[in-house]
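Work through the exercises below with the sequence and the coordinates at hand. Try each task before reading its solution.

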Amino acid sequence: MTVTGQRAVFASAARSFAALVRQIPGDAWDGPGLGDWTVRDLVGHTSRSLITVSTYLKTTAPHEDVVSAADYYAQMHEYSASLGAAAIVERGRQAGRDLGADPAAAIDDLVQKVLAEVDAVDDPLIEVIGGLGIRLSSYLPTRTFEFAVHSLDIARAVGADVVPPADVLADAAALTARIGVALGHGPTVLLALTGRAELPSAFSVV
């Protein structure tokens, strides 16, 4: 997909996420979201897909260490394990707190700001978590993936009959398969998706 195409799908995912957040009932924010997260925590964690893009666009990486979105997740697999689940949970909670008294308005403002920032650049080599260099065009699909997965999590948590747009789901599903291959699970994923075998218990590519 071209850089322009990746921007368009990322924008579609971000706007869909914002629209979903506007539908969250007022009494649902402190309810269960995902794992140890409340709905607010989960929305906060998902909003980091906007915050990190904005933050990383202010950086310049000296070299390209990550060559694709799938490669990003493959490299992050070990990094996330070393970071620890507790740290990831707390970052989501802090991001939720940072959304303030009107989370939906905060998300709307973030979407508008970040999409404008993305439109203002070409395809810079940015520095992401772990100090790794990656092209914006390779990083944006990872954020589209996060929006897709966590929008489904949020919708399930609050009982909303909402799914991401088809272009977002297609992009995220394709990346899921590529991550599986990058992690050495290609045959497992392909056999499961074609109805020839079941996935192992608790199988995940992230």
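The exercises go from the whole chain to single helices and residues.

The model is predicted, so local features need pLDDT of at least 70 and side-chain atom pairs count only at pLDDT 80 or more, while totals for chains, interfaces and linings use all residues. Residues are numbered from 1 along each chain as its sequence is written, and side-chain values use heavy atoms, with hydrogens and water left out.

**Exercise 1. Fold outline**

Task: State how many helices and strands the chain has, and give their order.

Solution. Step one is to assign the elements as DSSP runs, numbered from the N terminus: helices are H or I with at least four residues, strands E with at least two. This yields 8 helices and 4 strands. Step two is to read them off from the N terminus, which gives α-β-β-α-α-α-α-β-β-α-α-α.

**Exercise 2. Overall dimensions**

Task: Compare the radius of gyration of the chain with that of a compact globule.

Solution. The radius is taken over C-alpha atoms, and the globule rule is 2.2 Å times the number of residues to the power 0.38. For 206 residues the rule gives a value near 17 Å, and the chain has 17 Å, so the two agree. The spans of the C-alpha trace along its principal axes are about 45 × 40 × 35 Å.

**Exercise 3. Surface, contacts and charge**

Task: Find what percentage of the residues is buried, then describe the accessible surface, the contacts and the charged side chains.

Solution. Take buried as under 20% relative accessible area, exposed as over 50% and partly exposed as in between (1.4 Å probe, protein chains only). Of the 206 residues, 46% then count as buried. The accessible surface, from the Shrake-Rupley method with a 1.4 Å probe, comes to about 10200 Å², with 55% of it belonging to carbon and sulfur atoms.

For contacts, require heavy atoms within 4.5 Å. Among contacts between residues at least 6 apart in sequence, 76% join residues at least 24 apart.

For charge, count Lys and Arg as positive and Asp and Glu as negative, leaving out His and the chain ends. Place each charge at NZ of Lys, CZ of Arg, CG of Asp or CD of Glu. The result is 15 positive and 24 negative side chains, and the centres of the two sets lie 1 Å apart.

**Exercise 4. Helix H1 and the surroundings of Phe 147**

Task: Check the span of H1 and decide why H1 is described as largely enclosed; then list what Phe 147 touches.

Solution. The expected span of a helix is 1.5 Å times one less than its number of residues. H1 (residues 3-22) has 20 residues and should span 28 Å; its end C-alpha atoms are 29 Å apart, which agrees. Because 14 of those 20 residues are buried, H1 is largely enclosed by the rest of the structure.

Phe 147 is in helix H6 (residues 136-158) and counts as buried, at 1% relative accessibility. Leaving out residues up to four places away in sequence, Phe 147 touches Phe 10, Ala 13, Ala 14, Phe 17, Thr 46, Ser 49 and Leu 50.

**Exercise 5. Helix H7 and the C-terminal segment**

Task: Which residues of H7 are buried, and what phi does Ala 202 have?

Solution. H7 has 17 residues and reaches 24 Å from first to last C-alpha, close to the 24 Å expected. Its buried residues are Val 168, Asp 171, Ala 172, Leu 175, Ile 179 and Gly 180. An α-helix has 3.6 residues a turn, so residues three or four places apart point the same way. Val 181, also in H7, counts as exposed at 55% relative accessibility. Just after H7, Gly 184 takes a positive phi of about 90 degrees.

Ala 202 is in the segment after helix H8 (186-193). Its phi is positive, about 65 degrees, although Ala 202 is not a glycine. Most residues other than glycine have a negative phi. At 76% relative accessibility, Ala 202 counts as exposed.
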